[in-house]
Amino acid sequence: MSDFIAFATEHLPTILSALPITLGMWVLAIVIGAGLGLLLATGRLYGGRITYALATTYVEVFRGTPMLVQMFFIYFGLPEIGIVLDPFTAAVIAIGLNSAAYQAEYFRGAVRSIPQGQMVAARAIGMTRLQALRNVLLPQALRRVIPQWSNEAILELKYTSIAYAIGVSEMTSKAEQIGYKTFHFFEVFLLVAIVYVVLTGIVAQLLHVLERRTSIPGVNR
Amino acid sequence: MIVEIIINHIPYLLDGLWVAIQLLVCLLAIGFVFGLLLALAEVYGHWTLRASGMAFERVFRGIPELVLILMCFYGVGNWYPIEPFPAAVLALGLRSTAYQSQIFRGVIQAVPKGQIAAARAIGMSGVQAVRYVVLPQALRQVPGPWSNEFSSELKATSLAYVIGVVELTRQGRYIISSTQGNILIVFAVVALMYFVVNWLGNRVLYRAERALEIPGLERRESD
Amino acid sequence: MLLDVKDIHKKYGEIEVLKGVSLTLARGETKVIMGPSGTGKSTLLRCINRLSPPTSGEVFLDGELICDANINEMRQKVAFVFQDFNLFLHLSALDNVAMGPMRLKGMKRAEARELAMQELERVGMQTHAASYPAQLSGGQQQRVSIARALAMKPEVILFDEPTSALDPELTGEVVTVMQKLASDGITMLVVSHEIGFARRAADAIIFMEGGHVIEEGPPEQIIGAPRQDRTREFLNVIAEEGQIS
């Protein structure tokens with residue numbers, strides 16, 4: 001045990017030196033996922049037949065296949081058609097595109113859970129559908145989506161470790177490098193596991209605070 | 001040309017798919033057995049069991065699958081030579097235990113309290129009440145939430161790639177290196193295979209959910 | 001005495017719900033317990049079969065003490081009918097009734113089902129044997145739950161407000177079944193405000209208030225000429241609520 005503590009104190013700084021990369025991937029992926037997810041959800045909710053079909057296919061494909069394969073497809077595959085990306089960018093895009101599929105479903109579910117009367121009331125005071133969506137439905141839907149969205153954000157934080165497989169020097173890669181140097185593979189992966197548990201714990205707490213701050217008085221989720 | 005390459009290599013991909021499915025079945029079975037035991041301990045056990053069960057769930061849900069796989073492979077390897085496949089089963093099985101215990105806990109707690117009271121009132125022991133009354137009702141509710149778990153574990157099997165399990169994704173990489181290219185198409189076929197298995201699995205679970213419905217009881221929302 | 005309840009006390013934390021209740025029930029007797037709500041009637045029943053064990057006091061069945069060591073055996077002899085039925089939701093009416101004999105008395109499935117069918121006939125539910133609880137009305141569910149109790153061939157059946165969760169138009173069918181059981185000689189202890197049932201079927205009415213038994217006597221005396229003012233007041237309230245059937 002004291003051996004491990006000594007090991008941890010020695011190598012934790014190296015692992016944490018990759019924290020900005022991990023967090024950077026995470027934040028960018030969430031932003032991409034939220035933007036694209038909102039578009040996809042709108043497409044599935046209000047789009048014509050073709051928009052609906054395209055958005056649905058996108059969601060099903062990204063939810064039905066592994067992130068690792070998606071990442072390989074983007075990083076190793078796209079250069080075949082002339083799109084060359086560095087590992088970091090490829091990972092951000094892969095995680096972002098994947099996350100968009102999930103976030104779209106959460107948004108869609110949240111919008112659909114809002115009582116019909118809200119849209120009717122907005123139209124009744126003269127709003128267009130788009131105005132009603134923007135000013136009345138979305139502000140309510142976004143609040144409702146926060147609990148699921150928090151789970152998704154935590155999942156994505158863990159997904160960033162998959163970028164290890166295409167050579168992004170995030171925390172897991174750093175850990176592996178330490179492993180090769182010290183041959184204490186187990187200890188170093190245990191250490192990185194602990195870092196993730198703490199990190200996901202902190203994020204969960206922060207999102208929980210956000211959830212409470214944004215709740216509408218008197219409205220139960 | 002490309003079509004020919006793909007057709008020639010389909011058997012390898014199917015081999016890889018078969019390994020992925022074996023991995024999936026093993027890890028889900030481990031998760032089922034231990035997840036159920038853990039859930040029962042949490043619901044009916046002493047509060048210390050509940051607390052440690054919750055801590056287990058929290059920890060194993062907080063560790064990325066990939067890190068868990070590496071940790072189990074090297075961790076067990078420290079004491080005992082372990083092949084990549086069982087290491088992956090162990091890692092993902094532990095993770096699945098954490099997720100499935102949450103599912104089981106939910107469905108067990110959803111069984112109305114009066115059901116146990118009624119079973120006890122005709123003279124059943126606590127264990128009999130759980131076995132004959134609570135579990136038959138709770139387990140019927142499992143296929144719905146279980147389809148999420150099935151999907152996410154199927155996709156997680158691809159991560160066994162990183163410790164050298166020759167599953168579907170790795171077979172894809174092998175074909176790409178041996179044919180020097182065709183990256184997009186090979187990964188597309190690999191993705192399609194995962195997609196089909198996922199789709200089939202979810203259909204089976206949906207059918208099971210329907211078949212297990214109790215007549216007259218409103219179907220509970222499954223997500 | 002078949003059932004002998006001696007000085008039952010029950011405390012929840014600081015609050016004493018039962019303050020020393022004693023009663024007896026001879027074989028074949030039916031007694032109805034009445035009293036204002038919150039008076040501990042249901043708690044008393046639950047103390048008898050230890051669904052909530054009493055803080056102190058003893059219950060004897062046929063001279064044998066009911067205690068934690070023999071409770072599962074004893075509960076087979078002291079059946080319980082719940083206010084909200086609590087039928088096993090995943091089983092048909094027939095299997096609800098067959099469950100006990102099959103799992104607890106080691107009967108073969110076919111044999112248990114045959115017995116179950118007889119008990120369903122007794123409560124007039126044989127045509128609904130294949131229905132699931134969620135497909136039955138409240139009154140029908142309660143009749144099945146009575147059949148479930150009967151199938152254990154109990155010495156005594158405790159009824160915990162068996163009609164109070166039912167719509168008024170459905171209480172009749174349950175009361176009719178209970179009257180039939182009483183005249184068949186089944187030993188019954190019933191918590192209920194069905195005065196009609198008490199008048200026609202009970203050997204005695206026990207009036208409880210505030211965790212005590214206030215008075216006990218034959219129905220005609222308790223209903224016609226209660227000795228205690230509290231009993232009279234209570235009966236007047238019930239009469240005003242139109243619960244006399």
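**Surface patch, chain A.** I looked for nonpolar surface first and found a patch of about 370 Å², made by I194(A), V198(A), I202(A) and L206(A). I note here that the model is a predicted one. I then placed I202(A), which sits in helix α9 of chain A, residues 185-214. Its relative accessibility is 45%, so I202(A) counts as partly exposed.

**Interface of chain B and chain C.** I asked how many residues each chain brings to the contact. The count is 22 residues from chain B and 22 residues from chain C. The area buried between these two chains is about 2000 Å², and carbon and sulfur atoms give 67% of it. On the side of chain B, I picked out A121(B), I122(B) and Y132(B), which supply 29% of the area that chain B buries against chain C, more than any other three residues. I also listed the elements of chain B that give two or more residues to this side: α5 (113-121) and α6 (126-140). The most comes from α5(B), with seven residues.

I next checked polar pairing across the interface of chain B and chain C. The rule finds zero salt bridges there, but it does find six residue pairs in polar contact, both residues at pLDDT 80 or more.

**Salt bridges.** Over all chains, I have 20 salt bridges in the structure. I went through some of them by chain.

In chain A, the side chains of R44(A) and E105(A) meet in a salt bridge at 2.8 Å, N to O. R44(A) is in helix α2 (residues 19-46) and E105(A) in helix α5 (residues 87-112), so I wrote the pair down as a link between distant parts of the chain, 61 residues apart. Are R44(A) and E105(A) buried or exposed? Both are buried.

In chain B, I found E65(B) in a salt bridge with R95(B), with the closest N and O atoms 3.1 Å apart. E65(B) lies in helix α3 (residues 65-79) and R95(B) in helix α4 (residues 84-109), so the pair ties together parts 30 residues apart in sequence. Both E65(B) and R95(B) are buried.

In chain C, R232(C) forms a salt bridge with D229(C), the closest N and O atoms being 3.8 Å apart. These two are three residues apart in helix α9 (residues 229-240) of chain C, so about one helical turn separates them. R232(C) has a relative accessible area of 39% and is partly exposed, while D229(C), at 51%, is exposed.

Last, I noted a network: salt bridges that share partners join E42(B), E57(B), R61(B) and R105(B).

Technical notes: Residues are numbered from 1 along each chain as its sequence is written. Chains are lettered from A and ligands numbered from 1 in the order in which they are written. This is a predicted model: local features need pLDDT of at least 70, side-chain atom pairs count only at pLDDT 80 or more; totals for chains, interfaces and linings use all residues. Side-chain values use heavy atoms; hydrogens and water are left out. Patches are made of residues with over 30% relative accessible area and no salt bridge: like charges are joined within 9 Å, nonpolar side chains (Val, Leu, Ile, Met, Phe, Trp, Tyr) within 5 Å. Accessible areas come from the Shrake-Rupley method with a 1.4 Å probe; for residues, only the protein chains shown count as cover. A salt bridge is a side-chain nitrogen of Lys or Arg within 4 Å of a carboxyl oxygen of Asp or Glu. Helices (H or I, at least four residues) and strands (E, at least two) are DSSP runs, numbered from the N terminus. Buried means under 20% relative accessible area, exposed over 50%, partly exposed in between (1.4 Å probe, protein chains only). Contact means heavy atoms within 4.5 Å. Buried area is the accessible area (1.4 Å probe) that two parts lose on being put together, summed over both. A polar contact is a pair of N or O atoms within 3.5 Å; within protein, one must be able to donate a hydrogen and the other to accept it, and residues adjacent in sequence count only if both atoms are side-chain atoms.
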